Amino acid sequence: MNPVEEATSRFGLRSFRAKFLLVVGSAVLFDLLVSGGLALWNVNRLSRDATEQVGLGLTKATSEYLQNYIATTAERTDLLIDQVHTEMDILAGSTQALIDHPEVQAALGEAIERDPSFSTPLTYNSASDWWQNEPGEASAVTVWGYLLNATRNLPPDVAAIVRDSTAFNIFGPAVQNSGTRKLQVYFLGPKSAPILRSTPYTNQGVTFDRVYPGHNSTNWWDFFFPQLYEDWQGWLKDPSSKPVDDEITTLSPYMDGVTGKIIVSFMRPVWTRDRKDLAGVIGADLTLDQMADIVQSVKIADTGFAFLAMSNGNVLAVTPAGEKTLGIGNTSPSVFDRSLRKSSQAAIASLPLDQANDGAIQTISLDHQGEKHNYIVVLKQLKPTNMWSAGPITKETMTVGIVVPEREIYATLIATQNSISQATNRILLYQLAAIIVALMIVFAAVFGLSKRITAGLSALAGAARRLQQQDYSVRVDIPTKDEVGEVGVAFNRMAEEISFHTENLEQLVEDRTKDLESANKEISTLNEKLRDENVRLGAELDVARHIQMMVLPKDRELATIPGVEIAAYMRPADEVGGDYYDVLQDGGKLKIGIGDVTGHGLESGVLMLMVQSVARALQETGEGDPLQFLERLNRAIYKNLERTNSDKHLSLAFLDYEDEQLTLSGQHEEILVMRDGSEVERIDTIDLGLPIGLEQDISPFVATRNIPFASGDVVVLHTDGVTEAEGPRGELFGLDRLCESARQRYGASAEDMKTGIVEDLMAHIGTRKIHDDITLVVMRHR
């Protein structure tokens, strides 16, 4: 064959090399085009999906962030208002306690008046016709001209209120100087004598004459707060008339004539002892900027802000920049009126403040310098309060709002989407370049090595099939020193590594299995120990509860008491309770004890057993003096608590019965007494003792009170677990319900009365969890 024919045979269309080149080249070209096209399509689709998922994720995260932020801001604002309410309740509670104990109030007022460090005499201002004390006292007290008699002196009833309210010099400054920052705290007398006592001291008479002309000739309440006093009186007649179930009334923000600041006043009435009228009002003034601090501290993105608005749209707090964005402003120098309803932005004026309780996110469009910008708005309502504003007291629900430009809150999303788009374009360009380069390399390789590659590939294919059949000993022998030979060497190395890892993997699995078996055994052993410990602890608690129940009076023991029926009920909140009651008999004398250890559980139960043991021992020694009995019992308990380093103590009272006479001693809950079906008499024990275990010597605090106890009379003893038991909506059973339940069953046996009261209590509790120990003792004279 001549050279031309040989060349034609080697490179002709029928040659193996040409066929190999044509077939393999076409297949490779098709494969690269298909795979490259799919890769490009997948990259593009992945970009779209990533952009969408990132958008959804960031949108959701932003929504949750805004909703959490608005919820936190609302909670902080509610907490500030709650703190003010709590401070008002504390001051009003102290004042109410003195009103309910007039002898203490009068004595305290007289004592303070005699102390020059607390009181300065009133001085008459003839020019302005009012009396006021001089500087140096903890509070300023002013008696207005219309309260004076014909000789321009204080009538006796007004002088009594001035004297009795002197106790405010003790309580007022303490509340003023603690907790929230307050402009002033004050006491206002009833409508019959509205004296003004405020702290810190200011020359308030002169200031009011200057700022409020004519006030000194008109009753304070009618001049400053028309109808407010009458609304409070209406609450006494019909408690359900309160718009919100709270004693405190908030005054709508107003411009203070003294300081020139926007202030918010909180007022809480205190009642007469018989709860038929007002005995006065406790008040506190806060500047609006104090309430605004929380809202104005909110900063979201670059220019996002928060605002606090009343239900009528009046904005109480907002930053200056936020005020401009909302399109609102207060132009009046004397009236605070900065309402969203008067906003220059229609979208702001129509915000649904009455539907802002769910923290829903909405988007609105606002106009700034002729351009529309989208803003995200989130609204959240605060807890409702009683509000007065020149009319009847109404329910006010304020709203916290957050406003942030949409472009700022979604800036991260937009930047991320742009980055993904740019990265996708780069990947597409790189992929196209890679496909073109791959085509060129493949065609060059196929053309240059078509003949030599077939043998090596066949050997590799056979070895790969054996490897697929898990024959890890397979090796290939390709004698060529080119790329095919290198592939063969790489294949052999790969087979060796697979064989090595397979063998080691089996060993690793075996070792791991052994470790897991060992761990399971240890877990089983620990579970066994835990079960044993739980059984032991349960048994100990059961023994403690059993011991506690064993020392309680037995029904057969109570049935033998002559002349008196006694029925008792005890239910611990935990396995071991902290309530105490006992019936001790010594001949014709009878001693009934009832107490309540702080907390409940095993430690409280142990203290209850201590008290029972000491009381029994003292009874056996013949200690008949109620005062000595309590004092000696306290010393024993105090020393035990000191030894055990326990911070527990208990309220404890005893009833000594002999010859139709009861002697009450010790401090505990109120004692209920019923006679002849009349109203229930409630006997307070607050002045008869001190909690047991707090002080080593309680003799200065212990006193007694004699109570007649004739035929048909009934006495009901209880712990706070009865009155503080919660119903399904959290309402307490309360002392009024207990009195009514006992009154309805007057005339029945002690056992029937006890059973009926317990049924009413359990019906009130329903499915609610019992949080405190419950103890009830009914004692009836036969």
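**Briefing: two pockets, a helix face and two buried residues**

In this predicted model, the side chains of Gln-132 and Thr-142 make a polar contact of 2.8 Å. Gln-132 belongs to strand E2, which covers residues 130-133. The points below describe the surroundings of this residue, then those of Ser-339, the buried residues of helix H5, and the linings of the largest pocket and the second largest pocket.

**Gln-132**
- Gln-132 counts as buried because its relative accessibility is 4%, and buried means under 20%.
- A polar atom of the Gln-132 side chain also lies 2.9 Å from the backbone nitrogen of Gly-205.
- Beyond its neighbours within four places in sequence, Gln-132 is in contact with residues including Pro-121, Leu-122, Thr-123, Val-141, Tyr-201, Thr-202 and Asn-203.
- The C-alpha atom of Gln-132 is separated by 6.5 Å from that of Val-143, a residue 11 places away along the chain.

**Ser-339**
- Ser-339 is found in the loop between helix H10 (320-326) and helix H11 (346-349).
- With a relative accessibility of 9%, Ser-339 counts as buried.
- Its side chain has a polar atom 3.0 Å from the backbone nitrogen of Arg-341.
- Not counting residues up to four places away in sequence, Ser-339 touches Asn-312, Gly-313, Asn-314, Val-315 and Ile-328.

**Helix H5**
- In helix H5 (residues 168-176), the buried residues are Phe-168, Asn-169, Gly-172, Pro-173, Val-175 and Gln-176.
- These buried residues fall within an arc of 165° when seen down the axis of H5, so they line one face of the helix.

**The largest pocket**
- The largest pocket has a volume of about 860 Å³.
- Its lining consists of 38 residues, and those nearest the centre are Tyr-212, Phe-225, Tyr-254, Asp-256 and Ile-263.
- Two or more lining residues come from each of strands E4 (184-188), E5 (196-199), E7 (254-255) and E8 (262-271), and from each of helices H6 (204-211) and H7 (220-224).
- By class, the lining of the largest pocket has 24 nonpolar, 12 polar and two charged residues.

**The second largest pocket**
- The second largest pocket holds about 570 Å³ of space.
- It is lined by 16 residues, of which Glu-670, Val-680, Arg-682, Ile-683 and Asp-684 are the closest to its centre.
- Strand E23 (681-683) and helix H19 (734-744) each supply at least two residues of this lining, and H19 gives the largest share, four residues.
- The lining of the second largest pocket divides into 12 charged, three nonpolar and one polar residue.

How values were computed
Residues numbered from 1 in each chain as written. Predicted model: local features only at pLDDT ≥ 70, side-chain atom pairs only at ≥ 80, totals over all residues. Heavy atoms only, no water. 1 Å grid on protein atoms, 1.4 Å probe; cavity = no way out; pocket = protein on both sides within 12 Å on 5 of 7 lines; lining within 4 Å. Points joined across faces, edges and corners; volume = space filled by probe spheres on them. Nonpolar A, V, L, I, M, F, W, Y, C, P; charged D, E, K, R; others polar. Buried < 20%, exposed > 50% of the residue type's maximum accessible area, 1.4 Å probe, protein only. Polar contact = N/O pair within 3.5 Å; in protein donor to acceptor, adjacent residues only side chain to side chain. Contact = heavy atoms within 4.5 Å. Arc of directions from axis to C-beta.
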